[in-house]
Amino acid sequence: MTDKNTEDHSYSVTEKVDVNFPQDKITISDIELISSHKTVSTESSFSKNGYELVPLVDNYFGPENNLLQFYVEVYNTDKILGTDPWLISYYISLYKRNNVVADLNGFARQQPVPLKGYLAEIPLSQLSSGNYELNVTVKSKTNEVLATKKIFFQRSNGKGSEDYNAQDVNIGETFASSISNKDSLKDYLNCLIPIASISEEQFIDNRVAIADMTQMQYFLYLFWKKRNNENPEAEWQLYREEVKKVNEAYGTRIQKGYKTDRGRVYLKYGPPNSISKFDSEPNAYPYEIWHYYTLGNQSNKKFIFYNKNSSTNDFILLHSDAQGEVYEPRWDMILHQRLNQSGLDWDIERAPSHSGSHSDTEFNNPK
């Protein structure tokens, strides 16, 4: 390296880099964000496995960039899986969270090979400004997670951010000023996440991390004033009662009810019109099917939760046909793997019928 602004001699720096490439397990390369790509037949310094890839300079997607393109490589599926097919899936989540954002996800079935290069695109036009992660996962045909990789990126969609720093509000004259315990205030902000927008959720994460009492009080008050300008305190108290219900019904020894999948769905959409519970079906984990007659502009939507650990009260959302929720076309097969861990052939559209099972009937024709 040479600095042309000085007469000093040039110098060099050498750094050893260890390439971690184990031969005895499936691994995923680092995720490469790219600005453009095309199929090529000749090799060059920018080509990989038949693609010419132009790398993205940074991990920032501004208003003019509404498409996320990425490339990854998966290694050793032939050594580990033999002839069994496998699944590569990807999704966008909020930074340091694992929930899928809207419908920003995809998957593809693959055959075992020594090296698989995979290229995919995700539209970002509806993604709010904030910090996110792109997650890539490799799963076996029995839905076992074999490898994961993620990469951080920032999104700015050009829209103005919501103002939760209104210093002209006299916080001492609001209900929020009476909440003087920092831990309680953090808990109150976190319980808003099921009904918060993406930008509000990001704001909550930042405020809880900073833990400034005044800023948290401002946010709590302005959050509810935005939803009920005349009486934000009454709106907060109504929601707080619902939070108490889900904490009582769905809480576990290690987390509050509002942090569980059932608690989140209840707070976000309200109580379902019906809940069907099944605790002892042959080969099936305990599960519940929630049915909503209407969800906004959607109708006849269902959620299926299951519990893989009978010693806890934590039912995980396995599948839903509601927009923006977890969608798993193989949910019935996964649900009935309690005693059969060998898996089923992906060439069939769904698992075969299970003796004594009501899952398929109840999901498609809820009472």
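Select helices H2 (residues 182–190) and H4 (residues 213–227) in this predicted model: their crossing is left-handed, a term for a near helix turned anticlockwise from the far one by less than a right angle. The two axes come within 10 Å and cross at roughly 35°; axes are lines fitted to C-alpha atoms, for helices over the stretch in contact, and angles run from 0 to 180 degrees between N-to-C directions. Helices (H or I, at least four residues) and strands (E, at least two) are DSSP runs, numbered from the N terminus. Residues are numbered from 1 along each chain as its sequence is written. Because the model is predicted, local features need pLDDT of at least 70 and side-chain atom pairs count only at pLDDT 80 or more, while totals for chains, interfaces and linings use all residues; side-chain values use heavy atoms, with hydrogens and water left out.

Next, display the side chains between these helices. Lys 182, Leu 185, Lys 186 and Leu 189 of H2 are in contact (heavy atoms within 4.5 Å) with Met 213, Met 216, Gln 217, Phe 219 and Leu 220 of H4. This contact is made up of 6 nonpolar, 1 polar and 2 charged residues; Ala, Val, Leu, Ile, Met, Phe, Trp, Tyr, Cys and Pro count as nonpolar, Asp, Glu, Lys and Arg as charged, and the others, Gly among them, as polar.

Remain at H4 and turn to the aromatic rings. Rings of Phe, Tyr and Trp (its six-membered ring) pair if their centres lie within 6.5 Å; planes under 30 degrees apart count as stacked, over 60 as edge-to-face and the rest as tilted. By this rule there are 21 aromatic pairs. In one of them, the rings of Trp 224 and Tyr 239 have centres 5.3 Å apart and planes at 45°, so the pair is tilted. Trp 224 belongs to H4 and Tyr 239 to helix H5 (residues 232–250), so this pair ties together parts 15 residues apart in sequence. Are these two residues buried or exposed? Trp 224, at 3% relative accessibility, counts as buried, and Tyr 239 counts as buried at 8%; buried means under 20% relative accessible area, exposed over 50%, and partly exposed in between (1.4 Å probe, protein chains only). Ring pairs also link Tyr 188, Phe 203, Phe 219, Phe 223, Trp 224, Trp 236 and Tyr 239 into a cluster.

Now select the sheet S12-S13-S14-S15. Its 4 strands form an open sheet in that order, with antiparallel pairing; two strands pair if DSSP finds at least two bridges between them. At the edges are S12 (274–278) and S15 (316–320), each pairing on one side only. Neighbouring strands are turned by 20° against each other on average, direction ignored. Strand S14 (residues 298–306) is joined to S15 by 4 bridges, and Tyr 306 stands opposite Ile 316 in S15.

Add helix H6 (residues 261–269), which lies across S13 (287–295), S14 and S15 and runs at about 15° to S13.

Finally, move to strand S2 (residues 32–39). Which strands pair with S2? Strand S6 (residues 67–75) pairs with S2 in the antiparallel sense over 3 bridges, and Leu 33 stands opposite Phe 70 in S6. Strand S4 (residues 51–55) also pairs with S2 in the antiparallel sense, over 5 bridges; here His 37 has Leu 53 in S4 as its bridge partner.
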